Amino acid sequence: MGRRRVLLLCLSGALLLSGCGFRLQGSASLPPGLERIHVATRDELSPFAVELFRGLERAGARRAPSAGEADAVVRVRTDRGGRRVLSVSARNTPQEFAIFYEVEFSIERAGQEVVPLQRLELTRNISFDERQLLAKDREEEILRDAMARDLADLVLRRLESLPHAQSDPSR
């Protein structure tokens, strides 16, 4: 009897959450008419582009090989990361860095720009210790990948917010 109650509570909780529109982070659902997405970017292997392609795949979209075959086109104009020195020691060695990842994108649909050029930038601060150089390099890489994933999620949310469109049956 106790197991049934727990199961019933879990099922009712899941129904309540799904009924209010709750979704796990990173689980995008694109509107109807956005089945084929073309991503126009200079570097398809950048952390941001890789995360964007993964997010589109999780959302059920297919990659269109060209803009002409796509329901929407995401144009990535800037995709870069880097770091800036925030503080230095008395010996003039870096003690803290700001790691950043910047993306500029626009979205086109049916040849019309529906999302004008938008700039997104995320920044994280990281302490630096030259005695832990390898560990700090790895920490920076992990942070940069996480920022790329967060930026890709923001672009996916922007795609989710586009109005529904009629899918072209001739495609």
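How many aromatic pairs does a search of the whole structure find? The search finds zero, where rings of Phe, Tyr and Trp (its six-membered ring) would pair if their centres lay within 6.5 Å. This is a predicted model, in which local features need pLDDT of at least 70 and side-chain atom pairs count only at pLDDT 80 or more, while totals for chains, interfaces and linings use all residues. Residues are numbered from 1 along each chain as its sequence is written, and side-chain values use heavy atoms, with hydrogens and water left out.

**View A. The largest nonpolar core.** This core has 32 residues, among which Ile37, Phe48, Leu52, Leu56, Val74 and Leu159 touch the most other members; such a core is a set of buried Ala, Val, Leu, Ile, Met, Phe, Trp, Tyr and Cys residues joined through side-chain atoms within 4.5 Å. The largest share of the core, seven residues, comes from α3.

**View B. Surroundings of phenylalanine 48.** Leaving aside neighbours within four places in sequence, Phe48 is in contact (heavy atoms within 4.5 Å) with residues including Val76, Tyr101, Val103, Ala148 and Val155.

**View C. Threonine 78 in strand β3**. Strands are DSSP runs of E, at least two residues, and helices are runs of H or I, at least four, numbered from the N terminus. Threonine 78 counts as buried because its relative accessibility is 16%, the limit being under 20% relative accessible area with a 1.4 Å probe, protein chains only. The side chain of threonine 78 makes a polar contact with that of glutamate 104 at 2.9 Å, a pair of N or O atoms within 3.5 Å, one able to donate a hydrogen and the other to accept it.

Terms used: Buried means under 20% relative accessible area, exposed over 50%, partly exposed in between (1.4 Å probe, protein chains only). Rings of Phe, Tyr and Trp (its six-membered ring) pair if their centres lie within 6.5 Å; planes under 30 degrees apart count as stacked, over 60 as edge-to-face and the rest as tilted.
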